[in-house]
Amino acid sequence: MSAKAISEQTGKEFLYKHICTTATVQNRFRYANVTAETDWQRLVQDHPWLLTEKLVVKPDQLIKRRGKLGLVGVNLDLNGVKEWLKPRLMKETTVGKAKGILKNFLIEPFVPHKQEEEFYMCIYATREGDYMLFHHEGGVDVGDVDSKALKLLVGVDEKISPDAVKSELLKHAPADKKEMLSSFLVGLFNLYEDLYFTYLEINPLVVTKDGVYVLDMAAKIDATADYLCKAKWGDVEFPPPFGREAYPEEAYIADLDAKSGASLKLTLLNPRGRIWTMVAGGGASVVYSDTICDLGGVNELANYGEYSGAPSEQQTYDYAKTILSLMTREKHLDGKVLIIGGSIANFTNVAATFKGIVRAIKDYQDPLKEHEVTIFVRRGGPNYQEGLRVMGEVGKTTGIPIHVFGTETHMTAIVGMALGQRPIDTQPRAAAHTANFLLNSSANTTTPASSRSASFSEANSGAEVSPSQKKQAGLAPAKSTLFSKLTKTIVWGMQTRAVQGMLDFDYVCSREEPSVAAMVYPFTGDHKQKFYWGHKEILLPVYKNMSDAMKKHPEVDVLINFASLRSAYDSTLETMQYPQIHTIAIIAEGIPEALTRKIIKTADEKGVTIIGPATVGGIKPGCFKIGNTGGMLDNILASRLYRPGSVAYVSRSGGMSNELNNIISRTTDGVYEGVAIGGDRYPGSVFMDHVLRYQDTPGVKMIVVLGEIGGTEEYKICNSIIEGRITKPVVCWCIGTCATLFSSEVQFGHAGACANQESETAVAKNKALEEAGAFVPRSFDKLGDVIKSVYDNLVAKGVIVPAKELPPPTVPMDYSWARELGLIRKPASFMTSICDERGQELIYAGMPITEVFKSEIGLGGTLGLLWFQRRLPRYACQFIEMCLMVTADHGPAVSGAHNTIVCARAGKDLISSLTSGLLTIGDRFGGALDAAAKQFSKAFDSGMLPMEFVNKMKKDGKLIMGIGHRVKSINNPDMRVQILKDFVKQHFPATQVLDYALEVEKITTSKKPNLILNVDGFIGVAFVDLLRNCGGFTRDEADEFVEIGALNGIFVLGRSMGFIGHYLDQKRLKQGLYRHPWDDISYVLPEHMTM
């Protein structure tokens, strides 16, 4: 949603902070907020004027006409305010159809004034600009301001002037107040623009000799402009409409939505209701709510919500578990139903999102059975068959009644089943699978012959010419055609999946060449990107700059803009600088309305058609498709979108446009063209732009329009039918009929789906369309029936002559998608058993990262998970950390540190210097841990006495690893070893190998005092004891870890800390290039070389 209402207090705070005017604005920041928890003593301390002035008190909960309802207390002292609040605060009241609790009040200074000092003003946004309304008589009895007030339209990108305000708005204002009013109104309009308001009303606005007083204010701001206005707005709280509580679960889902690229919405209507929905898609969610209300379920409808935009499995799980938690809190006498519905997805992997829902159902299976919940599922789209199979399986394994349906079932049929007004279809679903459409039985790699290039009712009239080619040939482009078989496009954004989908569509439509000429992506250099054209691999250029792409591809006349909501505006304006572009599709949702209007204005000036924003795009079967429109190839082939039919449609919703593809393909000869104009309040092109194109296109024989609550565009269709401009049959249905039945305002999934007046309701528009002569079904449920009836009539009249259906050409399936569908298997290149980063949360050896921190296992415990796949006992974790600490460094003279220092002083980077030091680790330096562990454990296990072991090693001429030190001795012990020995003896359950090594040490030190058990040897033998005796490993597992070199890892990890320290130390000391001194080198060259 974009336009969101803010509280009066927030609106006034914005005004007082940011307005720039010469008029004196009185009572700035003089307001106090009162709730049931208010500490009056503290309130008076913060606002001492409460004790000294007369006051006004009123609820601040988005209630209109508070004065008329007796909800404003005026001219009261503080005690009077308290008395006035007693019968109202936390009490239920009815406003219109809405019942709610009065819980938030605003206290302000009372402003004594005369009636003639009250004025009315309002600013509101429209497609063409912002209207400013002013009436010289304000107050509670202002009446119908739309007919009374003077209006001034400030066009998009135009500036307001004081002179225009005076001449247009202040004609009837008192002469002595015109200057002050003019300055204030100009300042207010500039504030409105700068802070991205969409609506701002002040009534009354009081102007006295002392200045301007803003008494009552109502406002909405464009919430999508948060990234532009955060510094000025701060953290804005958007209160719910009066009559609807703000639930923490709604806030939780709103927070998930804000953190996700997907769309997640939840509004609780009646938490005690028995009908719950979990619907995919903004348009589909409205259709399901409409159908529930049409079938009499309005009083039992518990929620409105939607998820769309390819949410991840974890996001879907979080969304689903929230709904399941809410619906299993209170029992219902008749049990409950959950409708998991949706239209046919364009790009969302249905199976992936259903995995999240299935997880939630499994987690809540007991409460769901206890509350007698029955679940009805209907979905289509990429991999939907697997999603439905998984959903059906969970019903069988949990015992929860789950009824599953696919695209063969009308989208809303499950609502009638869920409400007991339609028999539940028990026929097994056809075993259709994505793969059935796509596996190619032929090895032919050439582009297949066209199956049909004209619609069923239109003969092929020769080669098509793209609009840009017509321009080049000096011909005026035909306005009825946006796309042809020769259309070429540039795609903005690295959307490889969408581009591959377009190329597959081109191939199956028998195009000679791919429709995508190039891609533009500013974040990489110019390069080539590999794609498939049928069986063949091709390269498409990717440019860093739009200008380079346009120069090298003059044949391109369409841009598909996948830029994010933050960069879509700039990239679209840049594109419109190039006259070769005649159509731009803007996919991004959430572009601020003010920026969208600027795009529309520029496009109108340059004659460019804009599709979107907030759209999936459009499709012209047999010719061209925008991005992900039409879904994957299985849906394109099932809906016969590879060749043109006779029916053209226009819709707001992208998901519902794909549902229309399905409905039209099942009831007629198919789609000629379809466009989803987008769900924003101000789409770049409107219904009439496309309906008139269809009217003027010979191949289109009937038109389908899927309108929506909000706006008045559908009335233009009515007028055109009445005036005879539209003569072709129009089937039209406006979704959102349920809105008039709700007691409080509900903002649906699309930003534009909100009625600001009676004429904008879906009910009013459907009635007007029917009266004008359009074919209007009783509900969306009957839309397919009406389309079929109109089509059959046209066939009977001979207007449409069905042609013979030819089999479509085939396209080979992508390897990745075939694997996703489980059609093929391939051995993995890698295997891992220690870490999994694929889900919402990183997992170490089965333990989620949050649990790693909650358990406080430390670095030693983490190392235990990643190295040994075990949750080690606390003493073992501590021992590992102690080993890392004692091996961290041993001065700059040892070989590893020396190498690191030399590298650092040679100007090498940290990684290179560290690697240089690590490469010196081996049997002679630091690598004795493994060797010592192997030698001592083997000798101990063989039953050899310590003396026998020493003698054998001497006889074999081998060193005993872990014995000996250059500096330390029996008389100068290594404190590192002593610290570790004390800990091991105190905490380890057994130390047989260590004890054996200490006996060996007694023998070796008796011969030479520095032949001690050094730190490497101690850690090696102690680790053997740890692995064998901690209870986490079998003997074979313990020996395997020693054998594969795990213990040397302790030294490598620990000493890396020291090496990095030496690197940083040398850089900090700014040491120059190291050169070894001559006097420390013994030159021993042969004599003949020195002569």
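Over residues 482–591, what share of the chain is helix and what share is strand? Select that stretch: the chain there is 25% helix and 29% strand, and the end C-alpha atoms lie 24 Å apart. Helices (H or I, at least four residues) and strands (E, at least two) are DSSP runs, numbered from the N terminus. An unreviewed UniProt entry annotates residues 482–591 as "domain: CoA-binding"; such annotations may be inferred rather than shown by experiment, and the positions follow the numbering used here, with feature names shortened.

The model is predicted: local features need pLDDT of at least 70, side-chain atom pairs count only at pLDDT 80 or more, and totals for chains, interfaces and linings use all residues. Residues are numbered from 1 along each chain as its sequence is written, and side-chain values use heavy atoms, with hydrogens and water left out.

**Whole protein**

Zoom out. The C-alpha atoms fill a box of roughly 115 × 90 × 80 Å along the principal axes, and the secondary structure comes to 40 helices and 35 strands. Of the 1091 residues, 55% count as buried (under 20% relative accessible area, 1.4 Å probe, protein chains only).

**Strand β7**

Select residues 105–109. All 5 of the 5 residues in β7 are buried, so the strand is largely enclosed by the rest of the structure. Now add residues 32–34, strand β2, which runs antiparallel to β7 and is joined to it by 3 bridges; two strands pair if DSSP finds at least two bridges between them. Val34 stands opposite Phe105 in β7. Then add β3, residues 55–59, also antiparallel to β7, with 5 bridges. There, Val57 has Ile107 as its bridge partner.

**Strand β14**

Select residues 263–268, where 5 of the 6 residues are buried. β14 pairs with β16 (residues 303–308) in the antiparallel sense over 6 bridges. Leu266 faces Gly305 of β16 across the pairing.

**Second largest pocket**

Select Arg924, Ile963, Gly964, His965 and Asn1014, which are the closest to the centre of the second largest pocket among its 33 lining residues. The pocket holds about 1,200 Å³ of space. α34 (946–955), α36 (992–1007), α37 (1015–1029) and α39 (1046–1068) each give two or more residues to the lining. The largest share, 3 residues, comes from α34.

How values were computed:
1 Å grid on protein atoms, 1.4 Å probe; cavity = no way out; pocket = protein on both sides within 12 Å on 5 of 7 lines; lining within 4 Å. Points joined across faces, edges and corners; volume = space filled by probe spheres on them. Buried < 20%, exposed > 50% of the residue type's maximum accessible area, 1.4 Å probe, protein only.
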